[in-house]
Amino acid sequence: MSTAPGNQDIWLSPDQLFDGQNLLTDTAVHLVNGKCAGLSPADQLPADATEKKLSGLITPGFFDIQINGGGGVLYNTTPTPEGLAAIADAHRQLGTTALLPTVITDAPQVLEEAVEAMKDAYGTHGIKGIHIEGPHISVERKGTHEASWVRPLNKRSLELVRNLRDRNIPVLVTVAPEGVAKGDVARLVEMGAVVSIGHTDAGAAQIKPVLEEGANLFTHLFNGMSQMVNREPGAVGTGINSTAYCSLIVDGHHVADDMLRLAMRARPVKDHMIIISDAMPTVGGPDNFDLYGHQVYLEDGKLINKAGSLAGAHVTMFESVARMINTLECPPEEVLRMGLSNPAALMGLTQSVANLETADVEDLLLIAPDYSSFTFLSQMV
């Protein structure tokens with residue numbers, strides 16, 4: 001990736017500009033020494049301004065709060081700073097400039113090593129924190145997680161989260177209500193962790209107390225959770241009806257498009273839907289990888305495990321955003337928020353992740369008008 005010259009002072013006028021919250025037209029962004037220095041109506045630039053017009057959309061890169069792997073590396077099997085750098089760098093080349101590497105259910109030692117690696121890697125390569133997805137989940141809704149390592153939330157897991165939060169490292173923890181005791185979620189929230197409900201077979205009556213304790217997300221809505229039926233909303237219906245955030249895998253394989261549309265229309269609050277990739281090592285890497293000692297293969301755009309079930313996703317945030325806009329015909333501004341500002345708001349990172357006016361030029365994308373491709377803005381100036 002090229003970098004902008006250190007003494008550069010230029011105004012860029014694209015067709016559209018996403019400032020982290022709103023999709024703007026007739027607006028220029030001022031770049032000085034590789035950083036954004038403000039926005040201006042395109043027809044009100046200083047008389048001596050150097051202006052460059054661009055076709056397409058300027059936006060900060062995307063923020064993915066659920067990345068299991070990339071570039072041939074899985075966090076669980078390479079829980080090291082070098083492994084995290086490889087994952088983050090693979091996704092950066094594909095338009096994701098901020099991420100929460102995600103460690104899934106595994107042996108206790110794997111979680112210990114993943115946490116230690118995060119302490120060293122946090123703040124580098126766009127790594128904004130950690131997502132601990134399991135092991136405190138439901139065996140009945142474990143998905144591709146290994147059942148033998150599923151276990152209730154324990155003192156050591158709480159200590160690990162506390163250890164990260166004492167270093168001001170953002171932490172997202174996915175748990176099933178079945179896997180936590182009364183008060184556990186409140187303890188995590190008091191530490192400053194964000195708690196999500198996922199991989200659960202619980203019904204509404206068991207989920208609502210966890211929401212009252214402060215859980216504020218449902219992990220990959222529709223997948224790995226109890227479903228909505230006539231007399232029981234399950235985790236799906238409870239999530240949709242709640243004011244918590246809901247994340248979604250929108251690759252066309254995990255959730256039917258009509259269900260995505262239904263869920264988005266039914267939410268009681270705006271801007272509480274989040275796109276995630278749930279990406280595995282095949283993104284930016286080879287077409288197979290090892291998971292719990294077994295090979296997972298990429299077949300027709302889907303990752304298939306030994307049981308013939310989906311095992312994570314082979315999709316990028318950019319592809320997901322483009323698909324929501326072009327295939328589902330969702331409003332671009334709403335979708336861009338789903339891929340950037342909504343997850344940033346959830347994690348309390350709006351200023352550092354989803355604010356164009358404070359962004360580095362190397363974290364900015366120029367997306368083609370039809371969302372078919374993108375380039376890094378640093379390659380254009």
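Between which two elements does the loop that holds Thr-144 lie? In this predicted model, Thr-144 belongs to the loop that runs between β10 (130-133) and α3 (155-166).

**Thr-144 and the largest pocket**

Thr-144 has a relative accessible area of 14% and is therefore classed as buried, the cut-off being under 20%. Its side chain forms a polar contact of 3.3 Å with the side chain of Asn-305. Once neighbours within four places in sequence are set aside, the contacts of Thr-144 are Leu-291, Tyr-292, Asn-305, Leu-310 and Ala-311.

Thr-144 also takes part in the lining of the largest pocket, where Gly-143, Thr-144, His-199, Asn-223 and Leu-310 lie nearest the centre. Leu-310 is thus named twice, as a contact of Thr-144 and as one of the lining residues nearest the pocket centre. His-199, another of these lining residues, is placed in the loop between β12 (194-197) and α5 (204-212). The phi angle of His-199 is near 45°, a positive value in a residue other than glycine. With 5% relative accessibility, His-199 is buried.

**The two pockets**

The table sets out the volumes and linings of the largest and second largest pockets.

| Pocket | Volume | Lining residues | Nonpolar | Polar | Charged |
|---|---|---|---|---|---|
| Largest | about 330 Å³ | 24 residues | seven residues | 13 residues | four residues |
| Second largest | about 230 Å³ | 18 residues | seven residues | seven residues | four residues |

In the second largest pocket, Lys-128, Ser-352, Val-353, Ala-359 and Asp-363 are the lining residues closest to the centre. Two elements, β9 (96-104) and α10 (350-353), each give two or more residues to this lining. The largest share, three residues, is that of α10.

**Nonpolar cores**

The largest nonpolar core holds 95 residues, and Phe-63, Ile-65, Leu-221, Met-324 and Met-347 touch the most other members. Helix α2 (residues 108-121) supplies the largest share of this core, seven residues. A separate core of 14 residues includes Cys-36, Ile-58, Val-361 and Leu-364. Around Met-347, with residues up to four places away in sequence not counted, the residues touched are Phe-63, Ile-65, Leu-100, Pro-170, Val-171, Leu-172 and Val-194. Phe-63 and Ile-65 thus appear among the contacts of Met-347 and also among the core residues that touch the most other members.

**Further buried sites**

Ser-40 is situated in strand β4 (residues 35-41). Its relative accessibility is 10%, so Ser-40 counts as buried. Beyond four places in sequence, Ser-40 is in contact with Trp-11, Asp-26, Thr-27, Ala-28 and Leu-45.

Pro-177 occupies the loop between β11 (171-175) and α4 (184-191), and is buried at a relative accessible area of 6%. Leaving aside neighbours within four places in sequence, its contacts are Ile-197, Thr-200, Ala-202, Gln-206, Ile-207 and Val-210. Pro-177 and Ser-138 are separated by 39 residues in sequence, with a C-alpha to C-alpha distance of 8.4 Å.

**Backbone geometry**

The peptide bond from Gly-134 to Pro-135 is cis, and its omega is near 15°. Pro-135 is in the loop between β10 and α3, the loop in which Thr-144 is also found.

A positive phi, near 60°, occurs at Asn-168, a residue other than glycine. Asn-168 lies in the loop between α3 and β11. Is Asn-168 buried or exposed? Its relative accessibility is 57%, so Asn-168 counts as exposed, whereas His-199, which also has a positive phi, counts as buried.

Definitions and conventions: Residues numbered from 1 in each chain as written. Predicted model: local features only at pLDDT ≥ 70, side-chain atom pairs only at ≥ 80, totals over all residues. Heavy atoms only, no water. Helix = DSSP H or I, 4+ residues; strand = E, 2+ residues; numbered from the N terminus. Buried < 20%, exposed > 50% of the residue type's maximum accessible area, 1.4 Å probe, protein only. Polar contact = N/O pair within 3.5 Å; in protein donor to acceptor, adjacent residues only side chain to side chain. Contact = heavy atoms within 4.5 Å. Core = buried A, V, L, I, M, F, W, Y, C linked by side-chain atoms within 4.5 Å. 1 Å grid on protein atoms, 1.4 Å probe; cavity = no way out; pocket = protein on both sides within 12 Å on 5 of 7 lines; lining within 4 Å. Points joined across faces, edges and corners; volume = space filled by probe spheres on them. Nonpolar A, V, L, I, M, F, W, Y, C, P; charged D, E, K, R; others polar.
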